[in-house]
Amino acid sequence: MSKKIKIGVLTASDRASAGIYEDISGMAIQQTMQDYLKSEFDIIYRCVADEQNIIENTLKELCKECCLVVTTGGTGPAIRDVTPEATENVCDKMLPGFGELMRQVSLQYVPTAILSRQTAGICGKAVIINLPGKPKSIRQCLDAVFPAVPYCIDLIEGPYLECNEDVIKPFRPKKS
Amino acid sequence: MSKKIKIGVLTASDRASAGIYEDISGMAIQQTMQDYLKSEFDIIYRCVADEQNIIENTLKELCKECCLVVTTGGTGPAIRDVTPEATENVCDKMLPGFGELMRQVSLQYVPTAILSRQTAGICGKAVIINLPGKPKSIRQCLDAVFPAVPYCIDLIEGPYLECNEDVIKPFRPKKS
Amino acid sequence: MSKKIKIGVLTASDRASAGIYEDISGMAIQQTMQDYLKSEFDIIYRCVADEQNIIENTLKELCKECCLVVTTGGTGPAIRDVTPEATENVCDKMLPGFGELMRQVSLQYVPTAILSRQTAGICGKAVIINLPGKPKSIRQCLDAVFPAVPYCIDLIEGPYLECNEDVIKPFRPKKS
């Protein structure tokens with residue numbers, strides 16, 4: 001039997017990591033993964049402060065085991081927002097199309113979408129995707145980019161993800 | 001009484017800085033700020049040659065006093081166009097969504113919009129936004145991105161900007 | 001008589017460079033240039049393995065003679081895909097608007113368009129444009145960005161490209 005699929009969820013938030021409030025965003029990502037995926041999988045969850053070196057180390061650790069690591073928080077212009085920089089530092093290659101599409105989708109709802117610096121990239125055998133901090137925006141962004149994620153994981157030789165196609169339709173181009 | 005809001009306007013142009021022609025673009029930005037803002041503010045205006053180190057030093061100087069610095073000129077592919085590089089060098093973090101949206105808006109008018117390399121970012125407690133060189137494009141771009149600017153300045157702990165809402169509608173999301 | 005226009009076509013592909021399959025993509029670019037350009041030109045064609053240093057050296061060599069270098073292949077997330085990194089390393093300045101627009105156009109056809117990391121930039125007196133690997137996507141992307149290419153070459157002091165305007169309409173803004 002093949003090794004079980006592992007998906008990392010990383011919340012970067014000073015307040016959530018200090019227990020000042022509940023990490024609703026991290027839970028929203030986990031729920032969305034349950035909705036999307038038909039394949040069995042385990043979630044590895046981390047909630048850390050907005051410290052760039054802590055985020056980098058946690059991303060590296062998660063990418064050793066996971067094929068997909070989704071972050072929430074720390075993508076804005078404030079001084080403590082450093083998730084995109086941490087992501088860029090640990091990635092072997094960047095995928096600018098994810099940030100472009102997520103900002104474009106969010107722009108349909110709020111003009112402040114352009115303040116989000118979220119990005120994505122490949123770290124070893126994992127895809128890292130930064131999501132915004134607000135639960136509602138999380139689902140809007142994931143609905144837009146997730147159809148490309150299973151094929152992306154195929155291309156970096158990760159596990160084959162099967163989706164609940166009534167919820168999300170993955171796209172895998174025919175081999176040319 | 002609170003310290004008066006200061007906005008920097010920086011024109012990068014070999015010819016305008018040499019007095020060969022009038023800096024219509026710099027004036028267009030100042031006029032647009034007068035149209036947009038209900039809050040009182042002072043403009044700090046600079047017009048310099050397309051020299052990267054001069055642009056960088058001027059940006060750093062302006063960002064010490066201003067909450068917003070708007071540049072015009074030097075964003076194209078020509079050898080003397082170095083404003084985006086200067087901006088990236090002085091910024092603590094980049095805001096790629098500004099350039100993406102401004103190019104998208106300009107593309108509705110001219111296919112050469114993709115040649116513009118304009119970007120935006122945070123330098124200390126100021127937002128820097130690169131605008132194109134042509135007065136008409138300046139207003140098109142500012143109309144698209146400015147609704148996000150007052151909230152961006154809130155997030156970096158700058159002054160509270162009030163707008164003439166019949167001209168431009170700033171958007172500030174409710175705290176989550 | 002003026003020196004003849006030279007256009008570089010670089011295919012980055014382990015399999016095509018090893019003769020395992022025919023380089024249909026490289027041929028598709030050459031055919032598209034024949035369709036687009038009324039000016040006489042020569043194609044300088046190279047087909048190399050997906051090795052970053054080889055791609056960089058080939059790009060540098062092509063950019064010494066050509067005003068335009070179009071690449072195909074190596075823009076995805078797989079470990080051997082390194083064309084965008086090679087392009088960024090040899091370029092003096094980047095033109096992010098090309099990648100943004102090409103991904104946006106490809107997104108109308110396939111959700112996996114966001115996996116493409118294609119970019120463009122200026123290397124000396126040449127424009128380098130990364131295209132996707134599939135012939136159909138090549139034409140979709142070129143149709144979108146090529147109208148800006150002749151003016152871009154004007155701005156970097158290259159030769160004046162004339163197009164077959166019934167096939168592609170170049171745009172040159174009036175001097176302001």
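## Exercises on a predicted three-chain model

Among the residues of chain A, Glu100(A) lies closest to the rotation axis, with its C-alpha at 4.3 Å. Keep in mind throughout that the model is predicted.

**Exercise 1.** Work out which kind of axis relates chain A to chain B.

*Solution.* Start with the operation itself: chain A is superposed on chain B by a rotation of 120°, with 0.0 Å of shift along the axis. The fit has an RMSD of 0.0 Å. This is the relation of a three-fold axis. Next, look at the surfaces: the copies use different ones, since 6% of the contact residues of chain A recur in chain B.

**Exercise 2.** Describe the side of chain C that touches chain B, by element and by residue class.

*Solution.* Begin with the counts: 19 residues of chain C are in contact with 16 residues of chain B. Then find the elements of chain C that give two or more residues to this side: strand S4 (93-94), helix H5 (96-107) and helix H7 (149-155). H5(C) supplies the largest share, 5 residues. Finally, sort this side of chain C by class, which gives 15 nonpolar, 2 polar and 2 charged residues.

**Exercise 3.** Characterise the packing of helices H3 and H4 of chain C.

*Solution.* Two packed helices are described by the angle between their axes and the distance between the axes. Here, the axes of H3(C) (residues 52-65) and H4(C) (residues 83-90) come within 9 Å and cross at roughly 45°. H3(C) is therefore oblique to H4(C). As for handedness, the crossing of the two helices is right-handed.

Now list the residues that make the contact:

- H3(C) contributes Gln52(C), Ile55(C), Glu56(C), Leu59(C) and Lys60(C).
- H4(C) contributes Thr83(C), Glu85(C), Ala86(C), Thr87(C), Asn89(C) and Val90(C).

Sorted by class, the residues of this contact comprise 4 nonpolar, 4 polar and 3 charged.

**Exercise 4.** Decide whether Ala120(A) is buried or exposed, and place this residue in its surroundings.

*Solution.* First locate the residue: Ala120(A) belongs to strand S5 (residues 120-123) of chain A. Then count neighbours. The cut-off for a buried residue is 20 or more other C-beta atoms within 10 Å. Ala120(A) has 30 C-beta neighbours inside 10 Å, so Ala120(A) counts as buried.

For the surroundings, leave out residues up to four places away in sequence; Ala120(A) then touches Leu95(A), Phe98(A), Gly99(A), Val127(A), Ile128(A), Ile129(A) and Asn130(A). As a last step, take the pair Ala120(A) and Leu131(A): they stand 11 residues apart in sequence, and their C-alpha atoms are 9.1 Å apart in space.

Definitions and conventions:
Residues are numbered from 1 along each chain as its sequence is written. Chains are lettered from A and ligands numbered from 1 in the order in which they are written. This is a predicted model: local features need pLDDT of at least 70, side-chain atom pairs count only at pLDDT 80 or more; totals for chains, interfaces and linings use all residues. Copies are superposed by least squares on the C-alpha atoms of residues with pLDDT of at least 70 in both. Two residues are in contact if their C-beta atoms, placed from the backbone, lie within 7 Å. Axes are lines fitted to C-alpha atoms, for helices over the stretch in contact, and angles run from 0 to 180 degrees between N-to-C directions. Helices (H or I, at least four residues) and strands (E, at least two) are DSSP runs, numbered from the N terminus. Angles under 35 degrees count as roughly parallel, over 145 as roughly antiparallel, 65 to 115 as roughly perpendicular and the rest as oblique. A crossing is left-handed if the near helix is turned anticlockwise from the far one by less than a right angle, and right-handed if clockwise. Ala, Val, Leu, Ile, Met, Phe, Trp, Tyr, Cys and Pro count as nonpolar, Asp, Glu, Lys and Arg as charged, and the others, Gly among them, as polar. A residue is buried if 20 or more other C-beta atoms lie within 10 Å of its own, exposed if 12 or fewer, and partly exposed in between; C-beta atoms are placed from the backbone.
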